[in-house]
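Q: Please take a close look at a single part of this model. I would like to know how that part sits against the rest of the chain and what its side chains do.

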Amino acid sequence: MFKVRIVGKSNEKEARLSEEELQGFVSKFVIDQAKTMGHAKTTVLQGKESYHWHLQYLPQGDDKDCQS
């Protein structure tokens, strides 16, 4: 699972995506880098807009949003 923050010129969004969902948007290299390093950044161009993707890898069983 990946925590993704997408920053555009006038907006910002956050989401959690699986590796399969993420593959439709960023390259396998970026996904592998996030898995290895724990995080990665890339820029995605869509038309005339550019979006900065900040990926944080969340290993299975690591859910920091849950409180015990």
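A: A salt bridge here is a side-chain nitrogen of Lys or Arg within 4 Å of a carboxyl oxygen of Asp or Glu. This is a predicted model, in which local features need pLDDT of at least 70 and side-chain atom pairs count only at pLDDT 80 or more, while totals for chains, interfaces and linings use all residues. Residues are numbered from 1 along each chain as its sequence is written, and side-chain values use heavy atoms, with hydrogens and water left out.

The part examined is helix α2, residues 28-37. Helices (H or I, at least four residues) and strands (E, at least two) are DSSP runs, numbered from the N terminus. Glutamate 19 forms a salt bridge with lysine 35, with 3.0 Å between the closest N and O atoms. This pair links distant parts of the chain, since glutamate 19 is in helix α1 and lysine 35 is in helix α2, 16 residues apart. Lysine 35 is partly exposed, at 34% relative accessibility; buried means under 20% relative accessible area, exposed over 50%, and partly exposed in between (1.4 Å probe, protein chains only).

A salt bridge also joins lysine 28 to aspartate 32, with the closest N and O atoms 3.2 Å apart. These two residues are four apart in helix α2, so about one helical turn separates them. Lysine 28 is exposed, with a relative accessible area of 56%, and aspartate 32 is partly exposed at 30%.

The buried residues of α2 are Val30, Ile31 and Ala34. They are on the same side of α2 because they cover an arc of only 100° around the axis, the arc being that of the directions from the helix axis to the C-beta atoms. Lys28, Phe29, Thr36 and Met37 are exposed on the face turned away from that buried side.

Among the elements covering the buried residues are β1 (2-7), α1 (19-22), β3 (39-46) and β4 (49-57). Contact means heavy atoms within 4.5 Å. The helix lies across β1, β3 and β4, and runs at about 160° to β3; axes are lines fitted to C-alpha atoms, for helices over the stretch in contact, and angles run from 0 to 180 degrees between N-to-C directions.

The strands form an open sheet of four, in the order β2-β1-β4-β3, with antiparallel pairing. Two strands pair if DSSP finds at least two bridges between them.

Leucine 55, in strand β4, is a useful point of reference. It is buried, at 2% relative accessibility. Its C-alpha is 6.5 Å from that of alanine 34, although the two are 21 residues apart in sequence. Beyond its neighbours within four places in sequence, leucine 55 has contacts including Val30, Ala34 and Gly38. Glycine 38, just after α2, takes a positive phi of about 95°.

The largest nonpolar core has twelve residues, including Val30, Ile31, Ala34, Trp53 and Leu55. Such a core is a set of buried Ala, Val, Leu, Ile, Met, Phe, Trp, Tyr and Cys residues joined through side-chain atoms within 4.5 Å. At least two of its residues come from each of β1, α2, β3 and β4. The largest share, three residues, is from α2.
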